[in-house]
Amino acid sequence: MELKWGTRRARWAAVVVVAVAALVGCGSEQGESGRDGGVPRGSGVPEVDDEKDLPELPLDRYEFSTRDSEREQQAADRFTQRCMKSHGFLDFPRQWREHDITMSNRLIAVAISTTLYGSLDLDGARRRGYGVERDALEKYEKEHAGKGRLVTPDEYEVLRGEGAGRKVPEGGCAQAGARRVRADVKDETLLMRYVAGRRTALDKAVAKDPRMRRALDEWADCVADKGFKRYASPEAAFRDKAWGRGQEGDTKRTRRERDTAVADIECKREHNTAGVWWAVAAEGQRRDISRHRSAYEAVRADQERVRATVRGVLGGGA
């Protein structure tokens, strides 16, 4: 289970995105015959017991990486700083915060995002079932709450363009900085939405694929054979209302929940459910890229334009 945090667009709010799978790491094809049913290993199915065993998917190269996003934000901050200085705030810092983040005033938004195959974190399942890491938010606050100088009221007006008694860019210097990083982008809507939209459509197709349905049926039979409820998919098991998930994303962590989560992952390992998912997803994505190559390459070209601007500001690699 992976926790990701919000950007400076809401500096005072810790935004938690619970992503059950991080598609990173590298895997390899093993053997010539697959496990029970599904897609045989000889068809390009990696052996997947852990997240690190999942190879990169074809669509991944058309989306910004975490490092890309971090560097883009740093470049936007540089542009914002220059804008603030041009409006008379000569000591405006490169890092700033608009509000103090404390345990008493934090705003928490929890978004639950799962893949069809769910989590592969067996140790986590034993500890927290389908819940989240309770220490993650406190760790985030400790790492980020004190970073950057608190802006003054006068600075805030120009930074956000709210009530400023002077002419400032639309949305203030903060938005001007973000726009400057993408000034060379040819089609920002395509850059921001196209790949995500295609991935969503393709994921739906994976769920309907007969090979995936067989793999999920095998997984469901396995969980039921271990004495637990028969779910349609690991995602359905994760979202079971019986776990009592609260506003902050955590669950009651009952013994039944934790045992179900463990059986869930053990069965995925036994039947290589995530490996089948990857193989079917990768096949569909490669086909989609081939069919819509001009759109994908337009996205890729705009990605490179953003990276070039970032390098010009920050230096270093992509």
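Which helix gives the most to the lining of the largest cavity? I would like to work towards that with some care, and I should say at the outset that what we are looking at is a predicted model.

The count of cavities of 30 Å³ or more comes to three, and in the largest of them there is about 90 Å³ of space. Thirteen is the number to keep in mind for its lining, since 13 residues line this largest cavity, with Ser-119, Ala-125, Gly-129, Tyr-130 and Ile-265 lying nearest its centre. Two helices, α2 (122–128) and α9 (255–271), each supply at least two residues of that lining, and the answer to my opening question is α9, which gives the most, with four residues. In chemical character, the lining of the largest cavity divides into six nonpolar, three polar and four charged residues.

Let me turn now to the disulfides, of which a search of the whole structure finds two. One of them joins Cys-83 to Cys-173, with an S to S distance of 2.0 Å, and this link is left-handed, with -65 degrees about the S-S bond. Cys-83 sits in helix α1 (residues 66–86) and Cys-173 in helix α5 (residues 172–181), 90 residues apart, and the pair thus links distant parts of the chain. Both Cys-83 and Cys-173 are buried.

The other disulfide is formed by Cys-222 and Cys-267, whose sulfur atoms are 2.1 Å apart; the torsion about their S-S bond is about -80 degrees, so this disulfide is left-handed. Because Cys-222 lies in helix α7 (residues 210–225) and Cys-267 in helix α9, the pair ties together parts that are 45 residues apart in sequence. Cys-222 and Cys-267 are likewise buried.

How values were computed:
Residues numbered from 1 in each chain as written. Predicted model: local features only at pLDDT ≥ 70, side-chain atom pairs only at ≥ 80, totals over all residues. Heavy atoms only, no water. 1 Å grid on protein atoms, 1.4 Å probe; cavity = no way out; pocket = protein on both sides within 12 Å on 5 of 7 lines; lining within 4 Å. Points joined across faces, edges and corners; volume = space filled by probe spheres on them. Nonpolar A, V, L, I, M, F, W, Y, C, P; charged D, E, K, R; others polar. Disulfide = S-S within 2.5 Å. Buried < 20%, exposed > 50% of the residue type's maximum accessible area, 1.4 Å probe, protein only.
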